[in-house]
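Grab your viewer and work through a few exercises on the model below. Each one sets a task and then walks through a solution.

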Amino acid sequence: MRGLWGRARQRRKPLVVLMAVVGIAGAVLATRDSGGGHLAANQAQLRKACDGTLPYGDLERLVRDERPGKLRQHGTMLAPGQESRSLLDCSLSWGDGYGVTVHAEALVSDVPQAVETRDLLEPAGGHGTFVAPGTTGQYGKRGAWLVTDCLGGLGGRVRPTTDLYVTARVTDGTDGADEVDDADEARVGNGKPDRATALLGFRTAVQVANVLTKAQHCGSGPLAMPKTVVDTDETHGAPGRALRKCEWIDGSSLPGIASGSWTTLGDLQESTALSACSGEWDAQKNAGKRPRPKEWQVTEVEAASWSGVLGRSAYDSYEREGHVPGWGAQEGESPSEAGSEADSEADADRGVRQEDRVSSYAGRPQLALWAQSVCGGRTTYHRVAVLPEIRLEDGETAVISGKDRARLSTTARTVLDRYLDAEDGWPVSADCRDTKVLGEVEQWH
């Protein structure tokens with residue numbers, strides 16, 4: 001009997017070992033299925049996702065191991081002949097708020113971003129955002145956006161276009177989104193990211209733009225890859241103050257504006273397609289040195305330029321507000337014909353203007369002057385504005401005399417000429433020529 005039991009125990013040992021091995025293997029498989037072991041596959045997916053446009057070296061650190069990556073993508077770059085507004089629309093998510101979304105389209109209408117003068121100088125309603133010097137764009141609700149040219153023309157749309165618009169939003173788990181798509185925008189897209197995340201967004205957008213323009217045979221070189229971003233929030237040191245390109249706004253040498261110390265502000269995009277400057281009479285610096293400006297003296301100045309699709313977008317935006325020359329004129333009239341006067345006639349007429357009334361509800365009353373040039377081979381709009389000193393309580397109305405109104409016209413033209421001719425200013429650096437004055441806009445009605 002003892003020999004029988006011994007042989008039985010010996011037969012059980014291999015069975016126990018086999019069950020142990022099966023148990024371990026099952027545990028491993030369960031671990032892979034329940035979370036883990038997906039890193040290599042997710043990294044390989046990142047390399048190929050979005051038609052291979054994503055910057056793997058920048059995004060690799062975001063890839064998670066716990067679950068398979070979730071990829072959604074479409075667009076004419078992926079499926080030529082497909083009817084889509086997008087060249088590329090792609091979202092890759094690894095869960096727990098880690099992911100990237102990119103969008104690229106050939107623009108046949110305006111840039112879907114605010115690009116008026118104040119939007120360039122005080123983005124995000126004055127709360128600040130990030131820009132990447134050398135890249136035409138900002139960091140917005142959908143991440144970093146940029147605009148670039150494709151001189152050879154972009155395919156994938158019925159109407160030909162040479163303007164490429166790209167957005168890229170990268171999330172690193174800090175905003176709590178499980179996936180990155182348009183539906184999440186209202187939930188997590190309104191917060192300002194940290195500097196590193198903003199830079200990652202810009203680098204991704206630039207990489208996507210460069211891959212697409214090369215594939216589309218645009219004929220232009222790649223965009224420079226951003227190495228840093230700048231926070232435009234003035235509480236972070238006011239980086240846009242006292243830029244060389246805005247030095248022409250000087251209370252001691254610019255006729256028609258209040259004398260004394262002025263503080264200037266410029267956009268920080270360092271773009272070849274747009275620029276903006278503003279200046280303001282500095283009450284703090286002038287305290288005890290200069291008297292307060294009289295009513296209707298110019299105490300603020302703005303100047304901006306937009307080329308190509310950005311020029312069209314800016315002009316259309318102001319037009320929707322009724323703030324372009326000839327707004328409301330008869331069809332067929334040009335802005336210069338329908339504006340306050342044709343330029344030469346306006347010069348002769350300024351001395352006999354009638355008085356006008358300005359309401360306290362007019363916002364920021366100003367006289368704007370528009371012009372058009374060719375800068376760097378592209379149609380470019382320029383807009384300057386002069387803002388006078390007005391002291392009004394709510395509900396009150398001020399009266400501007402014909403003489404004061406004429407002085408504003410003279411100052412606006414002086415500001416335009418100085419802006420266009422400033423040695424360190426954007427128009428000179430952009431080689432602007434063939435300038436035509438379009439007319440004035442009274443922004444106080």
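A hairpin joins E5 to E6 through two residues. Before going on, some ground rules: this is a predicted model, where local features need pLDDT of at least 70, side-chain atom pairs count only at pLDDT 80 or more, and totals for chains, interfaces and linings use all residues. Residues are numbered from 1 along each chain as its sequence is written, and side-chain values use heavy atoms, leaving out hydrogens and water.

**Exercise 1. Starting from that hairpin, trace the open sheet of six strands and find its edges.**

Step 1. Get the terms straight: strands (E, at least two residues) and helices (H or I, at least four) are DSSP runs numbered from the N terminus, and two strands pair if DSSP finds at least two bridges between them.

Step 2. E5 pairs with E6 (residues 143-154) over four antiparallel bridges. Look for glycine 140, whose bridge partner in E6 is glycine 143.

Step 3. Move on to E7 (residues 161-172), which is antiparallel to E6 and joined to that strand by seven bridges. Here threonine 148 sits opposite leucine 164.

Step 4. Write out the order: E1-E2-E3-E7-E6-E5, with antiparallel pairing. E1 (70-74) and E5 (137-140) each have a single partner strand, so they stand at the edges with one side lacking a neighbour in the sheet. From one strand to the next, the twist averages 15°.

Step 5. Check the E1 end: five bridges tie E1 to E2 (residues 88-95), again antiparallel, and histidine 74 faces aspartate 89. Helix H2 (residues 39-52) packs on the sheet and touches E1, E2 and E3 (98-106), its direction making about 165° with that of E2. For that angle, axes are lines fitted to C-alpha atoms (for helices, over the stretch in contact), and angles run from 0 to 180 degrees between N-to-C directions.

**Exercise 2. Is serine 86 buried or exposed, and what does its side chain meet?**

Step 1. Find serine 86 in the loop between E1 and E2.

Step 2. Apply the cut-offs: buried is under 20% relative accessible area, exposed over 50%, and partly exposed in between (1.4 Å probe, protein chains only). Serine 86 comes out at 6%, so this residue is buried.

Step 3. List its contacts (heavy atoms within 4.5 Å). Beyond neighbours within four places in sequence, serine 86 touches Gly75, Thr76, His103, Ala104 and Glu105.

Step 4. Pick out the polar contact: the side chains of serine 86 and histidine 103 meet at 3.5 Å. The term covers N or O pairs within 3.5 Å; within protein, one atom must be able to donate a hydrogen and the other to accept it, and residues adjacent in sequence count only if both atoms are side-chain atoms.

**Exercise 3. Which residues of the largest nonpolar core touch the most other members?**

Step 1. Define the core: buried Ala, Val, Leu, Ile, Met, Phe, Trp, Tyr and Cys residues joined through side-chain atoms within 4.5 Å.

Step 2. Among its 36 residues, the answer is Trp248 and Val301.

Step 3. Ask who contributes: H11 gives the largest share, six residues.

Step 4. Look around tryptophan 248: contacts farther along the sequence than four places include Val301, Val415 and Tyr419.

**Exercise 4. Where does glutamate 270 lie, and what is its phi?**

Step 1. Go to the loop between E9 (262-266) and E10.

Step 2. Read off phi: near 50°, a positive value in a residue other than glycine. Glutamate 270 is exposed, with 60% relative accessible area.
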